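Student: I've got a new model open and I'd like to learn how to read it. Please take me through it one feature at a time.

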Amino acid sequence: MQEFLAMIYLWLKAGHIAFVIFWIAGLFMLPRFFVYHQEAPADSAENAKWIERERRLLKIILAPSIVAVWVFGLALAWVTGAFVQGWFHLKLLLVLALSGYHGWLAAYAKKLARGERTLSEKTLRLLNEVPGIATILIVVTVIVLRSVLV
């Protein structure tokens, strides 16, 4: 049974890491798309192209990735017994916040598609930093805090 759990653990971990990379890459791209989208005239062909690019990024990369990250991550937590560990609670909080950010970006993409441009270019460029900061905090939590708190 231990060999089986060890093998499952490695596959879960590999899947989790792979889809985290896809998810974070998409979260880096989307605000950058928004910057370029807002530069396009509202009724232009270029505007329509940005709407389609954003829709595809959300549908083809971001949506499947966030689902896979959560499925693999929760399975990993179950297999390792992480649900009772303090570092995991912090990681879970950070991932929940990042998931909320993802949802907020998806909602802003819909606003842009309707022609509502409520954020400045500077704000969008700052939002582009959120996934990087979240990634650093999550990695430090998993690598450093987990080692210290166990």
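Student: Let's start with the empty space. How many residues line the largest pocket, and which lie nearest its centre?

Tutor: The general idea first: rolling a probe the size of a water molecule over the atoms shows where empty space is left. Here, 28 residues line the largest pocket, and H16, L76, K91, I138 and V142 are the ones nearest its centre. A pocket is an open set of points on a 1 Å grid over the protein atoms alone, where a 1.4 Å probe fits, with protein on both sides within 12 Å along at least five of seven lines; lining residues have an atom within 4 Å of a point.

Student: Before we go on, what kind of model is this?

Tutor: It's a predicted model, where local features need pLDDT of at least 70 and side-chain atom pairs count only at pLDDT 80 or more, while totals for chains, interfaces and linings use all residues. Residues are numbered from 1 along each chain as its sequence is written, and side-chain values use heavy atoms, leaving out hydrogens and water.

Student: Back to the pocket, then. What is the volume of the largest pocket, and which elements give two or more residues to its lining?

Tutor: The volume, meaning the space filled by probe spheres set on the grid points, comes to about 690 Å³ for the largest pocket. Helices α1, α2 (45-80), α3 and α5 each give two or more residues to the lining. α1 has the largest share, with eight residues. By class, the lining has 21 nonpolar, four polar and three charged residues. For the classes, Ala, Val, Leu, Ile, Met, Phe, Trp, Tyr, Cys and Pro are nonpolar, Asp, Glu, Lys and Arg are charged, and the others, Gly among them, are polar.

Student: You keep naming helices. How many helices and strands does the protein have?

Tutor: Five helices and zero strands, so numbered from the N terminus as DSSP runs (helices H or I, at least four residues; strands E, at least two). The order from the N terminus is α-α-α-α-α. Along its principal axes, the C-alpha trace spans about 60 × 25 × 15 Å.

Student: At what angle do α3 and α5 pack?

Tutor: To read packing, you fit axes, which are lines through C-alpha atoms over the stretch in contact, and take the angle between N-to-C directions, from 0 to 180 degrees. Helix α3 (residues 86-113) and helix α5 (residues 130-149) pack at about 170 degrees, with axes 9 Å apart. They are therefore roughly antiparallel to each other, a label for angles over 145 degrees. The α3 side includes W87, L90, K91 and L94, and the α5 side includes I138, T141, V142 and L145. By class, that contact has 14 nonpolar, one polar and two charged residues.

Student: Is T141, in that contact, buried or exposed?

Tutor: Buried means under 20% relative accessible area, exposed over 50%, and partly exposed in between (1.4 Å probe, protein chains only). T141 sits in helix α5 and counts as buried because its relative accessibility is 2%. Leaving aside neighbours within four places in sequence, T141 is in contact (heavy atoms within 4.5 Å) with W87, L90, K91, L94 and R146.

Student: What about L145?

Tutor: L145 is also in α5, but L145 is partly exposed at 29%. L145 touches W87, L90 and V140, not counting residues up to four places away. L145 and L90 are 55 residues apart along the chain, with 9.5 Å between their C-alpha atoms.

Student: Which residues does Q38 touch?

Tutor: Q38 lies in helix α1 (residues 2-39) and counts as buried at 17% relative accessibility. Among the residues that Q38 touches, beyond those up to four places away in sequence, are Y108, L112, R117 and L124.

Student: And where does K111 lie?

Tutor: In helix α3, and K111 counts as partly exposed at 30% relative accessibility. Beyond neighbours within four places in sequence, K111 is in contact with E116 and T118. The C-alpha atoms of K111 and E54 are separated by 12 Å, with their places 57 residues apart along the chain.

Student: Let's zoom out. What share of the protein's residues count as buried?

Tutor: 33% of the 150 residues do. Of contacts between residues at least 6 apart in sequence, 81% join residues at least 24 apart.

How values were computed:
Angles under 35 degrees count as roughly parallel, over 145 as roughly antiparallel, 65 to 115 as roughly perpendicular and the rest as oblique.
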